[in-house]
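The following exercises concern the architecture of a protein chain and its bound ligand. Each task is followed by a worked solution.

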Amino acid sequence: MERLRLDPPALYLDAQGNVPQFESVRQARTELRVGGSAQAAADAGLYAEAVGGLVFGDSRDGQDPRHFLTHPTASGTHALTLGARLLAGMPPTRRVYLPTPSWSNHQRIFEEAGFEVGHYPYFDAHERQLDVDALVGFLCRLPDPAIIVLQASCHNPTGSDLSRDQWDVIADVIKALGHIPFIDMAYQGLGDTLQNDNYGVTAMADRGVFTLVAQSCSKIFQLSETRCGSLSAYCPSAAQAQPLARTMQSWTRMDAPPASLGVVARILSQPGLRKLWQDELNSMRDRVGQVRAALHKTLCRLSPAWDWSYLTHQRGFFSYDPALHPASGLAEAAALPDPRIVSASGRLGISLITERNLPQIAHAIAGASAP
Ligand code: PMP
């Protein structure tokens, strides 16, 4: 049985079962050692500008730059925490709604910031697909404006993403009803291209909707030990942006810059390194797609009566099949090379599957889901 070499929190294994390090990151680290700490300090502004460019894409073009704020954070999770703190200081909105399902730390982060947390429908477990009508209906029925946490680019634990059309509908509803979107985006470029994966952010900004974005560089630069991220805000007016910019500046004075800030700033601002990084990110995305296709093909052969199409419709590191619920015994089954491949809730860790362990995993899944 293959032993998975997995050092949390890195969750992606390459074809050989190793956690890869990007060559672009290695080269940037080498250059930084030459540049020294004075250069690293100068990189904070460069980082905010470059990461803001990833988050907002071309929605910044031709717009007043004062409407777009980006603050470096220690991680995507840290960005969520700071964003929740920022929103807590903006009464009267006291309720936050999270998708069902979502990540468990979402609930904790918003409760600790003093919010009441509710849940909106997102995934129809029976149909194994997104239920956007239920989502929109829910938003429309909320009695008051609320904070709506949305996940961009394969960040939902089900691997089910909103399409562009669905983002447009949701952005229209959010604008009409005065809700505040808080978009959590940790996998930009791993669902689709960098430009397509931030569509939800641009859909909001293009409509002039005040929006917060918690972004993470941890996965997309494979920074397993020294993570970093950003909190961005789109403000429809410079007057609204001003107090937020002041709060972010006060954080900058208080907090040490994230450890990998210089590395990411360098990669994004030097065309050669940026191209190398994009190629590495694209290869990672393509490989995850190939694993999905191979698992789908094997399961169709092993268990043809079952509908496995969700594997290729869903994207990114996770898939969700309610049939793989713990009641099936799959997570505990010795048949799995690593119990983390199926979580207690039935989430499949696609990014932990390699060519070598795939046959064993497929047999275990087919066995557990047999009628
Ligand atoms: N959002 C949530 C809810 C997370 O749990 C995580 C971590 N897996 C992230 C974002 C990604 O951010 P980071 O790893 O940089 O904390």
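**Exercise 1. Identify the residue that stands opposite I148 of β6, then describe the strand pairing around β6.**

*Solution.* The model is a predicted one.

Step 1. The residue opposite I148 in β6 is Y97.

Step 2. The pairing of strand β2 (residues 95-100) with β6 is parallel and runs over two bridges.

Step 3. Strand β7 (residues 180-185) also pairs with β6 in the parallel sense, here over five bridges. Within β7, P181 is the bridge partner of I148.

Step 4. I148 therefore has to be read together with its strand: five of the five residues of β6 (residues 147-151) are buried, so β6 is largely enclosed by the rest of the structure.

**Exercise 2. Determine whether the two faces of β6 are covered or open, and state the handedness of the unit that β6 forms with α5 and β7.**

*Solution.* Step 1. Take one side of the strand: I147, V149 and Q151 are buried there.

Step 2. On the other side lie I148 and L150, which are buried as well. Both faces of β6 are thus covered. The criterion applied is that 20 or more other C-beta atoms lie within 10 Å of the C-beta atom of the residue.

Step 3. Helix α5 (residues 164-177) joins β6 and β7 in a β-α-β unit, and this unit is right-handed.

**Exercise 3. Describe the shell around the ligand: how many residues form it, and which helix gives the most?**

*Solution.* Step 1. The ligand is surrounded by 14 residues. The closest are S75, G76, T77, S216 and S218.

Step 2. Helices α2 (76-88) and α3 (104-112) each supply at least two residues of the shell. The largest contribution is that of α2, with three residues.

Step 3. By residue class, the shell comprises eight polar, four nonpolar and two charged residues.

**Exercise 4. State the bounds of the domains and characterise the side of domain 1 that touches domain 2.**

*Solution.* Step 1. The domain assignment places domain 1 at 33-270 and domain 2 at 272-369. Taken over C-alpha atoms, the centres of domain 1 and domain 2 are 27 Å apart.

Step 2. In the contact between them, 19 residues of domain 1 meet 20 residues of domain 2.

Step 3. On the side of domain 1 that touches domain 2, helix α9 (residues 261-269) provides the largest share, three residues.

Step 4. The residues of this side of domain 1 divide into 10 nonpolar, six polar and three charged.

Notes:
Residues numbered from 1 in each chain as written. Predicted model: local features only at pLDDT ≥ 70, side-chain atom pairs only at ≥ 80, totals over all residues. Domains from an automatic or database assignment. Contact = placed C-beta atoms within 7 Å. Helix = DSSP H or I, 4+ residues; strand = E, 2+ residues; numbered from the N terminus. Nonpolar A, V, L, I, M, F, W, Y, C, P; charged D, E, K, R; others polar. Near = placed C-beta within 6 Å. Buried ≥ 20, exposed ≤ 12 C-beta atoms within 10 Å, placed from the backbone. Pairing = 2+ DSSP bridges. Right-handed = clockwise from strand over helix to strand, strands pointing away.
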